[in-house]
Amino acid sequence: MFGGIAIAGNLLCIASTDARGSLHLFDLGEGRLAARFGWSGEDGGPSDAGGVAFDRDYNIYVADTRNDVVRCFTAFGQPVRTFGKPHDRAPGAVARDRRGRLDRPYAVAVQGDTVYVACGDRWLVRGVQRFRRNSAVLTPLESFGLAEERFGAPRGVYAGPEGVFVADTLHGVVQRFRLDGTYLARITTACGPDEVSRPVAVLPGPADDVLVLDDGDAPGLHRVSLDGRHVEPPSGSQGIERPLAMTRDGKGRVHVLDHDGERVVRLDDDLRVEHEVLRLDEFGLGPPD
């Protein structure tokens, strides 16, 4: 599952991949494609584009899962820096589960001067790494607040004034932290006791709840209370189809990248599709040249 979405001001960014990673920037105020650029791996080989985020200076951060780095670009497509040190994928988790090393990064979030990266196709102690915006390595988050506990290949992370929320995919929960890294709680995301939840993206909700994109037995968008007791029906009844990622704009409105990354929709307060913001095919977009 690849692709990401982020909004800053009137600028909407969609990340996609087809052998090369690519970013599409749209001016929502003018309804036009503002910029488009892509990249390859350091050796000219394939690359990926997973989760994406803006910082306060409108720099763009994107997870290159294939190459084990997070890339940072200006809004004009100029490379700024990378986060994480690629490794040679030696056998065994120990060599790959190290501070500052990114093992299959899928999602990225930025709050203030801190960059959060969710990693892994496997169980990792350092599954959520932290960096300064200047790429200095910080102490990773501790799963469930325990030094040697492992994250379950988290596919989503959110960081904002409300704190840090991690979509811990294989554990089937959202883990909540303060911005200083202190663990607060787990939020169960399954619809029922016999269902498997696989959360892949998370946003804090408008009340005491979280919004979760789930890829488990009840796929789609759910609203879950912080104590895990209430789950809204899956998004099949809400007009959302095959969602990949979600974000909020400056007015707090939720936008979802769905149709396998081909469409962006804006939701109303009941989490139903209110407006189709854009379709990539209307702009003639495929992978960049």
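Start your tour by selecting P199 and D214: D214, in strand 20, is the bridge partner of P199. Keep in mind as you click around that this is a predicted model.

**Stop 1: a three-stranded sheet**

Now widen the selection to strand 20, residues 209-214, and add strand 19; five bridges join the two, and they run antiparallel. Bring in strand 21 as well, and you have an open sheet of three strands in the order 19-20-21, with antiparallel pairing. Which strands stand at the edges? They are strand 19 (199-204) and strand 21 (220-225); each has a single partner strand, so one side of each is left without a neighbour in the sheet. Turn the view until you look across the strands: on average, and ignoring direction, neighbours in this sheet are turned by 25 degrees against each other.

**Stop 2: the largest pocket**

Keep strand 19 on screen, as it is among the elements that give two or more residues to the lining of the largest pocket. The others are strand 1 (4-8), strand 5 (52-54), strand 9 (105-111), strand 15 (156-160) and strand 22 (245-248). Strand 9 gives the largest share of the lining, six residues.

To find the middle of the pocket, select V52, A53, V108, A109 and T247, which lie nearest its centre among the 39 lining residues. The space in this pocket comes to about 810 Å³. Try colouring the lining by class: you should find 26 nonpolar, nine polar and four charged residues.

**Stop 3: strand 24 and its two partners**

Next, select residues 263-267, which make up strand 24. Are these residues buried or exposed? Five of the five are buried, so the strand is mostly covered; here, buried means under 20% relative accessible area. In a regular strand, side chains alternate between the two faces of the sheet. Look at both faces here: R263, V265 and L267 lie on one side, V264 and R266 on the other, and all are buried.

Add strand 23 (residues 254-258), which pairs with strand 24 in the antiparallel sense over four bridges. Within this pair, V256 stands opposite V265. Four residues lie between the strands of this hairpin, where H259 takes a positive phi near 50 degrees.

Finally, show strand 25 (residues 273-279), which pairs antiparallel with strand 24 over five bridges. Here R266 has H275 of strand 25 as its bridge partner. These two strands also form a hairpin, with five residues between them. End your tour in that turn at L271, which has a positive phi of about 65 degrees.

Terms used:
Residues numbered from 1 in each chain as written. Predicted model: local features only at pLDDT ≥ 70, side-chain atom pairs only at ≥ 80, totals over all residues. Heavy atoms only, no water. Buried < 20%, exposed > 50% of the residue type's maximum accessible area, 1.4 Å probe, protein only. Pairing = 2+ DSSP bridges. Axes fitted to C-alpha atoms, helices over the stretch in contact; angles between N-to-C directions. 1 Å grid on protein atoms, 1.4 Å probe; cavity = no way out; pocket = protein on both sides within 12 Å on 5 of 7 lines; lining within 4 Å. Points joined across faces, edges and corners; volume = space filled by probe spheres on them. Nonpolar A, V, L, I, M, F, W, Y, C, P; charged D, E, K, R; others polar.
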